[in-house]
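Subject: Structure for you to look at

Hi,

Here is the structure I said I would pass on. Have a look at it first, and then read my notes underneath.

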Amino acid sequence: MMTADHSEPHPVLVLGGTGEGRQLAQSLGAWPQLAVTLSLAGRTAQPQLPPGRVRVRTGGFGGAEGLADHLRREAVRALVDATHPFAARMSAHAISAARLAGVPLIAVVRPAWVRQAGDRWIEVADMAGAVAALGAGAQTVFLAIGRQEVAAFRQANFRQANFRQASRHRYVVRSVDPVAPEHLPPGAAVVLARGPFAEEEERRLFETHGVTVIVAKNSGGEATYGKIAAARRLGLPVVMVRRPPVDAAGSAPDATVPDAIVPDAIVPDVAAALAALRRLLPHPPAPPVERGE
């Protein structure tokens, strides 16, 4: 196990966009032996940023090879993938880039939600499956899927109208940032809010809007589980989109990278990620861990 030293700070890159990424960057930023960078995709207009001495960069790297070049150029000592469970392409790029650059990779994989007694889940593989699962009969649909996925439901509504099928669904769309008008289904109600969301808060929202079905990604974690618990309590069905496998997002672009590429460590939360990094990097005796969403 490596302990504290007095050399130049060791660069660490955290691929974030989640609460875990922010908490991890903040905790690592308290280690004086490290120079921590939190990388965000730039999809949220006003992301929540960690306080302290953490550098924040926004934007892509140019694929796996671009990320590998960055790791080499910045002499990064460890790469942490704390992206969203549905950011499969970024996770695939992280695995490939870490192998190309010879950098250890820690992947923070939030455990998925598990069906419980009373849940009325309709599990589907993707958004096209979620659209189909809603059926033709009119529903009031709550979408909690991120603003970039909403357009699929607008297109489905227009197809129904063009083919004179049953009445179009009515949508309630929740998003951190406004959804582009051209992506919204006609007449959709938009709720702008940032989690965490409590079960009782979600129940009131569903009852106020007369929601009859929820569409959600199986993101896992406590911050947005309230809608799942509220749906169970109200007896509402949930169209649950399963997580995409990381290898479905594309393999490494370099033939020298083995096919069976996996992270050096896969951990479920911030505390486990810090423990893994303490085995790789110089560290103070007791790094602080923020407890949060």
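Below is what I found, going from the whole chain down to single residues.

Before anything else, please keep in mind that this is a predicted model.

**The chain as a whole**

The chain has 293 residues, and 47% of them are buried. It holds eight helices and 12 strands. If you take the contacts between residues at least 6 apart in sequence, 74% of them join residues at least 24 apart. The accessible surface is about 14000 Å², and carbon and sulfur atoms account for 52% of that.

**One sheet: β3-β2-β1-β4-β5-β12**

Those six strands, in that order, make an open sheet with parallel pairing. At the edges sit β3 and β12, each of which pairs on one side only. From one strand to the next, the twist averages 20 degrees.

If you want a spot to start tracing, try β1 (residues 10-15), which pairs with β4 in the parallel sense over four bridges. There, V12 stands opposite A78 in β4. Helix α2 packs on this sheet and touches β1, β3 and β4, with its direction at about 155 degrees to that of β1. Helix α1 (residues 19-29) lies across β1, β2 (34-40), β4 and β5 (105-108), and it runs at about 165 degrees to β2.

**Another sheet: β6-β11-β10-β7-β8-β9**

Here too, six strands form an open sheet in the order just given, and the pairing is parallel. Its edge strands are β6 (120-124) and β9, each pairing on one side only. Neighbouring strands are turned against each other by 20 degrees on average, ignoring direction.

Inside this sheet, β7 (residues 140-144) and β10 (residues 213-217) run parallel and are joined by four bridges. V141 has V213 as its bridge partner in β10. Helix α6 lies across β7, β8 (170-175), β9 and β10, at about 150 degrees to β8.

Then there is α7 (residues 226-234), where G226, K227, I228, A229, A230 and A231 are buried. What do the buried residues of α7 pack against? They pack against β6, β7, β8, α6, β10 and β11. Just after this helix comes G235, with a positive phi of about 75 degrees.

**Two backbone details**

Most residues other than glycine have a negative phi, and most peptide bonds are trans. Two places in the loops depart from that pattern.

- A75 has a positive phi, near 55 degrees, and it is not a glycine. You will find A75 in the loop between α2 (63-73) and β4 (78-81). Is A75 buried, exposed or partly exposed? With a relative accessible area of 49%, A75 is partly exposed.
- The peptide bond from G195 to P196 is cis, and its omega is near 10 degrees. P196 belongs to the loop between β9 (189-192) and α6 (199-209).

**Two arginines to click on**

R57 is in strand β3 (residues 55-58). This arginine is buried but has no salt bridge. How far away is the nearest side chain of opposite charge? That side chain is E74, and it is 8.1 Å away from R57. A salt bridge would need a side-chain nitrogen within 4 Å of a carboxyl oxygen. Apart from residues up to four places away in sequence, R57 touches T37, L38, S39, L40 and H70.

R243 is in the loop between β11 (237-241) and β12 (265-267). Its relative accessible area is 23%, so R243 counts as partly exposed; the cut-off for buried is under 20%. Leaving out neighbours within four places in sequence, R243 is in contact with P85, F86, V109, R110, P111, A112, N218, S219 and G220. R243 and V124 are 119 residues apart along the chain, yet their C-alpha atoms are separated by 9.5 Å.

That's the tour. If you only have a few minutes, I'd go to the cis bond from G195 to P196, and then to R57, which is buried with no salt bridge.

Cheers

Definitions and conventions. Residues numbered from 1 in each chain as written. Predicted model: local features only at pLDDT ≥ 70, side-chain atom pairs only at ≥ 80, totals over all residues. Heavy atoms only, no water. Buried < 20%, exposed > 50% of the residue type's maximum accessible area, 1.4 Å probe, protein only. Lys, Arg positive; Asp, Glu negative; His and termini not counted. Contact = heavy atoms within 4.5 Å. Pairing = 2+ DSSP bridges. Axes fitted to C-alpha atoms, helices over the stretch in contact; angles between N-to-C directions. Areas by Shrake-Rupley, 256 points an atom, 1.4 Å probe, with all protein chains shown as cover.
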